[in-house]
Amino acid sequence: MESQDSKGKIIKETFPSEIVSIIGDLLAGIILSLLIVHFDSFLVLILMIPALLSLRGNLSGPFIARTSRDLVIGTLSRRSWLENALATYTLSLITAFFIGIFSMILNLAFFKLTILPMGYFILIPIISIILALSISIPCSTGLNYLAFKKGLTPNNVVNPVMTAVDDFSTVFCFLLTIIILGVP
Amino acid sequence: MKYYMKILKESIIIVILSSLMGMISGSVLSSNKDILSAIPILLLIIPALNSLIGDMSTVLVSRLTTHLYIGTLSPKIQISDRLKEDFYGLLITTLLSLVSLLFLGYLVGIISGIRIVNPLLMIFIMSLTVLLLFSIMFIALFFGAIFLFKRGRDPNNFLIPFVTSLADFLTPLFLIVFIIIFI
(Lines give C-alpha, C1' and ligand atoms only; values in the text may rest on other atoms or scores of the structure.)
Protein backbone atom coordinates (compact mmCIF):
# COMPACT_ATOMS: atom_id res chain seq x y z
CA MET A 1 0.00 0.00 0.00
CA GLU A 2 2.46 2.66 1.19
CA SER A 3 5.04 1.58 -1.38
CA GLN A 4 2.75 2.71 -4.22
CA ASP A 5 1.29 5.90 -2.72
CA SER A 6 1.04 8.65 -5.35
CA LYS A 7 1.33 12.30 -4.36
CA GLY A 8 -2.45 12.49 -4.78
CA LYS A 9 -2.95 9.73 -2.23
CA ILE A 10 -0.49 11.35 0.17
CA ILE A 11 -2.38 14.67 -0.06
CA LYS A 12 -5.79 12.97 0.17
CA GLU A 13 -4.85 11.07 3.31
CA THR A 14 -2.58 13.61 5.03
CA PHE A 15 -4.38 16.92 4.41
CA PRO A 16 -7.66 16.10 6.22
CA SER A 17 -5.66 14.75 9.18
CA GLU A 18 -3.58 17.93 9.16
CA ILE A 19 -6.75 20.05 9.36
CA VAL A 20 -7.75 18.10 12.48
CA SER A 21 -4.22 18.71 13.80
CA ILE A 22 -4.47 22.47 13.13
CA ILE A 23 -7.82 22.70 14.92
CA GLY A 24 -6.43 20.81 17.95
CA ASP A 25 -3.36 23.01 18.05
CA LEU A 26 -5.38 26.21 17.77
CA LEU A 27 -7.38 24.99 20.79
CA ALA A 28 -4.04 24.46 22.57
CA GLY A 29 -3.08 27.99 21.44
CA ILE A 30 -6.30 29.38 22.94
CA ILE A 31 -5.51 27.76 26.32
CA LEU A 32 -2.00 29.17 26.06
CA SER A 33 -2.86 32.70 24.93
CA LEU A 34 -6.00 33.22 27.00
CA LEU A 35 -5.55 31.10 30.16
CA ILE A 36 -1.92 30.24 30.94
CA VAL A 37 -0.67 33.72 29.98
CA HIS A 38 -2.41 35.18 33.06
CA PHE A 39 -0.54 33.08 35.64
CA ASP A 40 2.01 35.07 37.66
CA SER A 41 4.62 32.41 36.97
CA PHE A 42 4.00 32.57 33.17
CA LEU A 43 7.66 33.34 32.42
CA VAL A 44 8.69 30.04 34.03
CA LEU A 45 5.73 28.07 32.71
CA ILE A 46 6.44 29.12 29.10
CA LEU A 47 9.94 27.66 29.58
CA MET A 48 8.43 24.21 30.13
CA ILE A 49 5.63 24.22 27.56
CA PRO A 50 7.71 23.91 24.33
CA ALA A 51 9.81 21.19 25.99
CA LEU A 52 6.67 19.32 27.04
CA LEU A 53 5.15 19.67 23.57
CA SER A 54 8.46 18.42 22.13
CA LEU A 55 8.55 15.58 24.63
CA ARG A 56 5.04 14.60 23.66
CA GLY A 57 6.13 14.55 20.01
CA ASN A 58 9.36 12.78 20.88
CA LEU A 59 7.55 10.00 22.69
CA SER A 60 4.18 9.49 21.10
CA GLY A 61 5.47 10.24 17.55
CA PRO A 62 7.91 7.29 17.59
CA PHE A 63 5.38 5.15 19.51
CA ILE A 64 2.84 5.72 16.71
CA ALA A 65 5.45 5.20 13.97
CA ARG A 66 6.67 1.94 15.55
CA THR A 67 3.12 0.62 15.97
CA SER A 68 2.30 1.65 12.41
CA ARG A 69 5.46 0.02 11.01
CA ASP A 70 4.81 -3.20 13.02
CA LEU A 71 1.27 -3.27 11.61
CA VAL A 72 2.43 -2.70 8.03
CA ILE A 73 5.23 -5.28 8.14
CA GLY A 74 3.08 -7.74 10.14
CA THR A 75 5.09 -8.01 13.36
CA LEU A 76 2.61 -6.35 15.76
CA SER A 77 1.79 -8.54 18.77
CA ARG A 78 0.41 -7.90 22.26
CA ARG A 79 3.91 -8.35 23.69
CA SER A 80 5.58 -5.96 21.22
CA TRP A 81 2.87 -3.36 21.87
CA LEU A 82 3.27 -3.68 25.66
CA GLU A 83 7.03 -3.32 25.46
CA ASN A 84 6.58 -0.32 23.15
CA ALA A 85 4.13 1.34 25.57
CA LEU A 86 6.25 0.55 28.63
CA ALA A 87 9.37 1.98 26.96
CA THR A 88 7.40 5.13 26.10
CA TYR A 89 6.32 5.61 29.75
CA THR A 90 9.85 4.94 31.04
CA LEU A 91 11.31 7.48 28.61
CA SER A 92 8.65 10.02 29.57
CA LEU A 93 9.44 9.75 33.29
CA ILE A 94 13.19 10.11 32.79
CA THR A 95 12.86 13.01 30.35
CA ALA A 96 10.20 14.87 32.33
CA PHE A 97 12.56 14.73 35.30
CA PHE A 98 15.33 16.26 33.16
CA ILE A 99 12.94 18.97 31.91
CA GLY A 100 12.23 19.85 35.54
CA ILE A 101 15.93 20.07 36.37
CA PHE A 102 16.74 22.11 33.23
CA SER A 103 13.91 24.57 33.90
CA MET A 104 15.11 24.98 37.47
CA ILE A 105 18.64 25.74 36.22
CA LEU A 106 17.42 28.15 33.51
CA ASN A 107 15.21 29.92 36.02
CA LEU A 108 18.06 30.28 38.52
CA ALA A 109 20.45 31.46 35.79
CA PHE A 110 18.27 33.89 33.84
CA PHE A 111 14.85 34.65 35.24
CA LYS A 112 15.37 34.27 39.02
CA LEU A 113 11.64 33.91 39.72
CA THR A 114 11.09 32.65 43.25
CA ILE A 115 7.33 32.50 42.90
CA LEU A 116 7.35 28.75 42.07
CA PRO A 117 8.42 26.22 44.77
CA MET A 118 11.42 24.11 43.59
CA GLY A 119 9.58 20.78 43.84
CA TYR A 120 6.98 22.04 41.35
CA PHE A 121 9.61 22.26 38.62
CA ILE A 122 9.88 18.45 38.77
CA LEU A 123 6.23 17.65 39.57
CA ILE A 124 4.62 19.76 36.82
CA PRO A 125 6.33 18.07 33.82
CA ILE A 126 6.05 14.56 35.28
CA ILE A 127 2.32 14.77 36.12
CA SER A 128 1.42 16.60 32.88
CA ILE A 129 3.20 14.18 30.57
CA ILE A 130 1.97 11.02 32.33
CA LEU A 131 -1.61 12.31 32.12
CA ALA A 132 -1.17 13.28 28.45
CA LEU A 133 0.41 9.94 27.48
CA SER A 134 -2.38 8.04 29.21
CA ILE A 135 -4.75 9.69 26.74
CA SER A 136 -2.40 9.42 23.77
CA ILE A 137 -1.30 5.75 23.88
CA PRO A 138 -4.75 4.10 23.80
CA CYS A 139 -6.10 6.66 21.29
CA SER A 140 -3.21 6.29 18.85
CA THR A 141 -3.22 2.50 19.03
CA GLY A 142 -6.94 2.38 18.28
CA LEU A 143 -6.55 4.88 15.45
CA ASN A 144 -3.57 3.02 13.95
CA TYR A 145 -5.50 -0.23 13.97
CA LEU A 146 -8.62 1.41 12.53
CA ALA A 147 -6.67 3.16 9.74
CA PHE A 148 -4.94 -0.09 8.83
CA LYS A 149 -8.23 -2.04 8.84
CA LYS A 150 -9.85 0.59 6.59
CA GLY A 151 -7.01 0.25 4.06
CA LEU A 152 -5.55 3.70 4.78
CA THR A 153 -1.82 4.20 5.28
CA PRO A 154 -1.42 4.60 9.07
CA ASN A 155 1.73 6.73 8.66
CA ASN A 156 -0.20 9.34 6.64
CA VAL A 157 -3.25 9.54 8.88
CA VAL A 158 -2.45 8.78 12.50
CA ASN A 159 0.45 11.13 13.25
CA PRO A 160 -1.26 14.39 12.25
CA VAL A 161 -4.52 13.45 14.00
CA MET A 162 -2.66 12.41 17.13
CA THR A 163 -0.62 15.62 17.11
CA ALA A 164 -3.89 17.48 17.52
CA VAL A 165 -5.10 15.21 20.31
CA ASP A 166 -1.67 15.18 21.96
CA ASP A 167 -0.89 18.90 21.76
CA PHE A 168 -4.30 19.85 23.05
CA SER A 169 -4.20 17.20 25.81
CA THR A 170 -0.62 18.17 26.78
CA VAL A 171 -1.51 21.85 27.18
CA PHE A 172 -4.82 20.93 28.85
CA CYS A 173 -3.11 18.44 31.24
CA PHE A 174 -0.47 21.11 31.92
CA LEU A 175 -3.21 23.60 32.83
CA LEU A 176 -4.93 20.93 34.95
CA THR A 177 -1.67 20.11 36.74
CA ILE A 178 -0.86 23.74 37.58
CA ILE A 179 -4.41 24.28 38.82
CA ILE A 180 -4.29 21.09 40.98
CA LEU A 181 -0.89 22.05 42.41
CA GLY A 182 -2.10 25.60 43.07
CA VAL A 183 0.63 27.25 41.01
CA PRO A 184 0.38 31.07 41.33
CA MET B 1 12.08 -7.35 26.99
CA LYS B 2 14.41 -7.16 23.97
CA TYR B 3 12.20 -4.69 22.08
CA TYR B 4 11.78 -2.56 25.25
CA MET B 5 15.55 -2.37 25.76
CA LYS B 6 16.16 -1.62 22.05
CA ILE B 7 13.71 1.31 22.16
CA LEU B 8 15.18 2.65 25.41
CA LYS B 9 18.75 2.25 24.22
CA GLU B 10 18.14 3.88 20.85
CA SER B 11 15.90 6.68 22.14
CA ILE B 12 17.06 7.84 25.56
CA ILE B 13 19.92 10.15 24.57
CA ILE B 14 18.13 11.72 21.63
CA VAL B 15 14.92 12.23 23.65
CA ILE B 16 16.80 14.00 26.45
CA LEU B 17 18.78 16.11 23.96
CA SER B 18 15.59 16.96 22.09
CA SER B 19 13.91 18.07 25.29
CA LEU B 20 16.92 20.27 25.97
CA MET B 21 16.31 21.82 22.55
CA GLY B 22 12.69 22.33 23.62
CA MET B 23 13.94 24.15 26.70
CA ILE B 24 16.04 26.44 24.49
CA SER B 25 12.90 27.11 22.48
CA GLY B 26 11.10 27.96 25.74
CA SER B 27 13.93 30.33 26.62
CA VAL B 28 13.64 32.00 23.18
CA LEU B 29 9.93 32.61 23.85
CA SER B 30 10.46 33.60 27.46
CA SER B 31 13.16 36.14 26.59
CA ASN B 32 11.04 37.67 23.83
CA LYS B 33 8.05 38.31 26.04
CA ASP B 34 7.77 41.84 24.58
CA ILE B 35 7.27 40.47 21.03
CA LEU B 36 4.70 37.97 22.35
CA SER B 37 2.84 40.81 24.07
CA ALA B 38 3.04 43.09 21.02
CA ILE B 39 1.84 40.37 18.61
CA PRO B 40 -0.47 38.21 20.77
CA ILE B 41 -1.66 36.08 17.84
CA LEU B 42 1.80 34.46 17.89
CA LEU B 43 1.00 32.52 21.08
CA LEU B 44 -2.22 31.29 19.49
CA ILE B 45 -0.59 30.19 16.25
CA ILE B 46 2.86 28.92 17.37
CA PRO B 47 1.65 25.45 18.55
CA ALA B 48 -0.12 24.89 15.20
CA LEU B 49 2.90 26.11 13.17
CA ASN B 50 5.25 23.88 15.19
CA SER B 51 2.94 20.95 14.61
CA LEU B 52 2.59 21.58 10.89
CA ILE B 53 6.36 21.35 10.39
CA GLY B 54 6.67 18.54 12.93
CA ASP B 55 3.80 16.53 11.38
CA MET B 56 5.08 16.78 7.84
CA SER B 57 8.55 15.80 8.99
CA THR B 58 7.21 12.90 11.07
CA VAL B 59 5.10 11.64 8.15
CA LEU B 60 8.18 11.90 5.94
CA VAL B 61 10.41 9.98 8.39
CA SER B 62 7.75 7.28 8.92
CA ARG B 63 7.30 6.92 5.16
CA LEU B 64 11.03 6.86 4.40
CA THR B 65 11.59 4.25 7.15
CA THR B 66 8.79 2.01 5.88
CA HIS B 67 10.05 2.38 2.27
CA LEU B 68 13.57 1.46 3.37
CA TYR B 69 12.36 -1.56 5.39
CA ILE B 70 10.17 -2.95 2.61
CA GLY B 71 12.74 -2.13 -0.07
CA THR B 72 10.80 0.38 -2.20
CA LEU B 73 13.52 2.97 -1.60
CA SER B 74 17.12 1.94 -1.95
CA PRO B 75 19.46 3.17 0.81
CA LYS B 76 21.40 5.44 -1.55
CA ILE B 77 21.58 9.22 -1.87
CA GLN B 78 19.78 9.55 -5.20
CA ILE B 79 16.62 11.20 -6.50
CA SER B 80 14.08 8.49 -7.31
CA ASP B 81 10.48 8.63 -8.51
CA ARG B 82 9.39 7.41 -5.06
CA LEU B 83 11.21 10.30 -3.39
CA LYS B 84 9.76 12.84 -5.85
CA GLU B 85 6.20 11.61 -5.20
CA ASP B 86 6.78 11.97 -1.44
CA PHE B 87 8.31 15.43 -1.86
CA TYR B 88 5.53 16.87 -4.03
CA GLY B 89 2.81 15.14 -2.02
CA LEU B 90 4.08 16.57 1.26
CA LEU B 91 4.89 20.02 -0.20
CA ILE B 92 1.36 20.45 -1.60
CA THR B 93 -0.11 19.19 1.70
CA THR B 94 2.06 21.69 3.61
CA LEU B 95 0.92 24.59 1.41
CA LEU B 96 -2.76 23.64 1.68
CA SER B 97 -2.40 23.21 5.44
CA LEU B 98 -0.63 26.56 5.79
CA VAL B 99 -3.49 28.37 4.01
CA SER B 100 -6.02 26.59 6.26
CA LEU B 101 -3.97 27.34 9.37
CA LEU B 102 -3.74 31.05 8.58
CA PHE B 103 -7.46 31.27 7.77
CA LEU B 104 -8.56 29.34 10.89
CA GLY B 105 -5.96 31.04 13.10
CA TYR B 106 -7.07 34.53 12.19
CA LEU B 107 -10.73 33.50 12.44
CA VAL B 108 -10.19 32.12 15.96
CA GLY B 109 -8.16 35.24 16.79
CA ILE B 110 -11.00 37.53 15.70
CA ILE B 111 -13.66 35.45 17.51
CA SER B 112 -11.68 35.23 20.76
CA GLY B 113 -10.85 38.94 20.65
CA ILE B 114 -7.07 38.56 20.31
CA ARG B 115 -5.46 41.75 18.97
CA ILE B 116 -4.29 41.35 15.36
CA VAL B 117 -1.26 43.39 14.29
CA ASN B 118 0.07 43.74 10.70
CA PRO B 119 -1.87 40.73 9.34
CA LEU B 120 -0.41 40.73 5.80
CA LEU B 121 3.18 41.02 6.95
CA MET B 122 2.60 38.31 9.59
CA ILE B 123 1.14 36.01 6.92
CA PHE B 124 4.25 36.61 4.78
CA ILE B 125 6.56 35.92 7.74
CA MET B 126 4.74 32.70 8.68
CA SER B 127 4.69 31.45 5.08
CA LEU B 128 8.40 32.18 4.67
CA THR B 129 9.16 30.34 7.93
CA VAL B 130 7.15 27.25 6.94
CA LEU B 131 8.55 26.97 3.40
CA LEU B 132 12.13 27.46 4.54
CA LEU B 133 11.79 24.89 7.31
CA PHE B 134 10.06 22.36 5.05
CA SER B 135 12.95 22.51 2.56
CA ILE B 136 15.62 22.22 5.27
CA MET B 137 13.81 19.31 6.95
CA PHE B 138 13.19 17.35 3.75
CA ILE B 139 16.84 17.37 2.73
CA ALA B 140 18.18 16.71 6.24
CA LEU B 141 15.72 13.88 6.94
CA PHE B 142 16.36 12.10 3.66
CA PHE B 143 20.11 12.10 4.31
CA GLY B 144 19.56 11.18 7.98
CA ALA B 145 17.22 8.24 7.22
CA ILE B 146 19.61 6.72 4.68
CA PHE B 147 22.60 7.20 6.99
CA LEU B 148 20.88 5.57 9.99
CA PHE B 149 19.29 2.73 8.03
CA LYS B 150 22.67 1.80 6.51
CA ARG B 151 24.04 1.49 10.05
CA GLY B 152 21.27 -0.89 11.09
CA ARG B 153 19.39 1.69 13.19
CA ASP B 154 15.66 2.42 13.07
CA PRO B 155 15.35 5.99 11.71
CA ASN B 156 11.98 6.33 13.54
CA ASN B 157 13.70 6.15 16.94
CA PHE B 158 16.32 8.78 16.16
CA LEU B 159 14.85 11.17 13.65
CA ILE B 160 11.30 11.69 14.95
CA PRO B 161 12.39 12.96 18.40
CA PHE B 162 15.13 15.02 16.77
CA VAL B 163 12.92 16.55 14.12
CA THR B 164 10.02 17.34 16.47
CA SER B 165 12.31 19.28 18.77
CA LEU B 166 14.17 20.89 15.93
CA ALA B 167 10.85 22.09 14.52
CA ASP B 168 9.75 23.30 17.96
CA PHE B 169 13.03 25.16 18.36
CA LEU B 170 13.45 26.56 14.84
CA THR B 171 9.85 27.68 14.23
CA PRO B 172 9.68 30.31 17.02
CA LEU B 173 13.31 31.24 16.39
CA PHE B 174 12.76 31.86 12.64
CA LEU B 175 9.51 33.71 13.39
CA ILE B 176 11.16 35.99 15.93
CA VAL B 177 14.20 36.62 13.70
CA PHE B 178 11.94 37.47 10.71
CA ILE B 179 9.76 39.69 12.91
CA ILE B 180 12.88 41.58 14.07
CA ILE B 181 14.07 41.89 10.43
CA PHE B 182 10.77 42.89 8.80
CA ILE B 183 8.88 44.79 11.51
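This is a short chat about a predicted model with chains A and B.

Trainee: Let's start with chain A. How many helices and strands does chain A have?

Mentor: Chain A has five helices and zero strands. From the N terminus, the order is α-α-α-α-α.

Trainee: What does the C-alpha trace of chain A span along its principal axes?

Mentor: About 55 × 35 × 25 Å.

Trainee: And what share of chain A counts as buried?

Mentor: 53% of its 184 residues.

Trainee: What about contacts in chain A with a separation of 6 or more: how much comes from residues 24 or more positions apart?

Mentor: Those pairs account for 84% of them.

Trainee: Switching to the interface. How many residues of each chain are in contact?

Mentor: 65 from chain A and 66 from chain B.

Trainee: Which elements give two or more residues to the chain A side?

Mentor: Four helices of chain A do: helix 1 (7–35), helix 2 (42–73), helix 3 (78–111) and helix 5 (154–181). Helix 2 of chain A gives the largest share, 21 residues.

Trainee: How do the residues on that side divide by type?

Mentor: The side of chain A that touches chain B has 36 nonpolar, 20 polar and nine charged residues.

Trainee: Now the core. How many residues are in the largest nonpolar one?

Mentor: It has 98 residues. A:Leu52, B:Ile53 and B:Val163 have the most contacts inside it. Helix 3 (residues 41–70) of chain B gives the most to this core, 15 residues.

Trainee: Back to A:Leu52. What does A:Leu52 touch, leaving out residues up to four places away in sequence?

Mentor: A:Leu52 touches A:Ile99, A:Pro125, A:Ser128, A:Ile129, A:Thr170 and A:Phe174.

Trainee: Over to chain B. At what angle do helix 4 and helix 5 of chain B pack?

Mentor: About 155°, with their axes 11 Å apart. Helix 4 of chain B covers residues 81–111, and helix 5 of chain B covers residues 119–150.

Trainee: Are helix 4 and helix 5 of chain B roughly parallel or roughly antiparallel?

Mentor: Roughly antiparallel, because their angle is over the 145 degrees that this label needs.

Trainee: Is their crossing left-handed or right-handed?

Mentor: The crossing of helix 4 and helix 5 of chain B is right-handed.

Trainee: Which residues make that contact?

Mentor: From helix 4 of chain B, they include B:Phe87, B:Leu91, B:Thr94 and B:Tyr106. From helix 5 of chain B, they include B:Ile123, B:Met126, B:Ser127 and B:Phe138.

Trainee: How many of the contact residues are nonpolar, polar or charged?

Mentor: 13 are nonpolar, two are polar and none is charged.

Conventions: Residues are numbered from 1 along each chain as its sequence is written. Chains are lettered from A and ligands numbered from 1 in the order in which they are written. This is a predicted model: local features need pLDDT of at least 70, side-chain atom pairs count only at pLDDT 80 or more; totals for chains, interfaces and linings use all residues. A residue is buried if 20 or more other C-beta atoms lie within 10 Å of its own, exposed if 12 or fewer, and partly exposed in between; C-beta atoms are placed from the backbone. Two residues are in contact if their C-beta atoms, placed from the backbone, lie within 7 Å. Axes are lines fitted to C-alpha atoms, for helices over the stretch in contact, and angles run from 0 to 180 degrees between N-to-C directions. Angles under 35 degrees count as roughly parallel, over 145 as roughly antiparallel, 65 to 115 as roughly perpendicular and the rest as oblique. A crossing is left-handed if the near helix is turned anticlockwise from the far one by less than a right angle, and right-handed if clockwise. Ala, Val, Leu, Ile, Met, Phe, Trp, Tyr, Cys and Pro count as nonpolar, Asp, Glu, Lys and Arg as charged, and the others, Gly among them, as polar. A nonpolar core is a set of buried Ala, Val, Leu, Ile, Met, Phe, Trp, Tyr and Cys residues joined through C-beta atoms within 7 Å.
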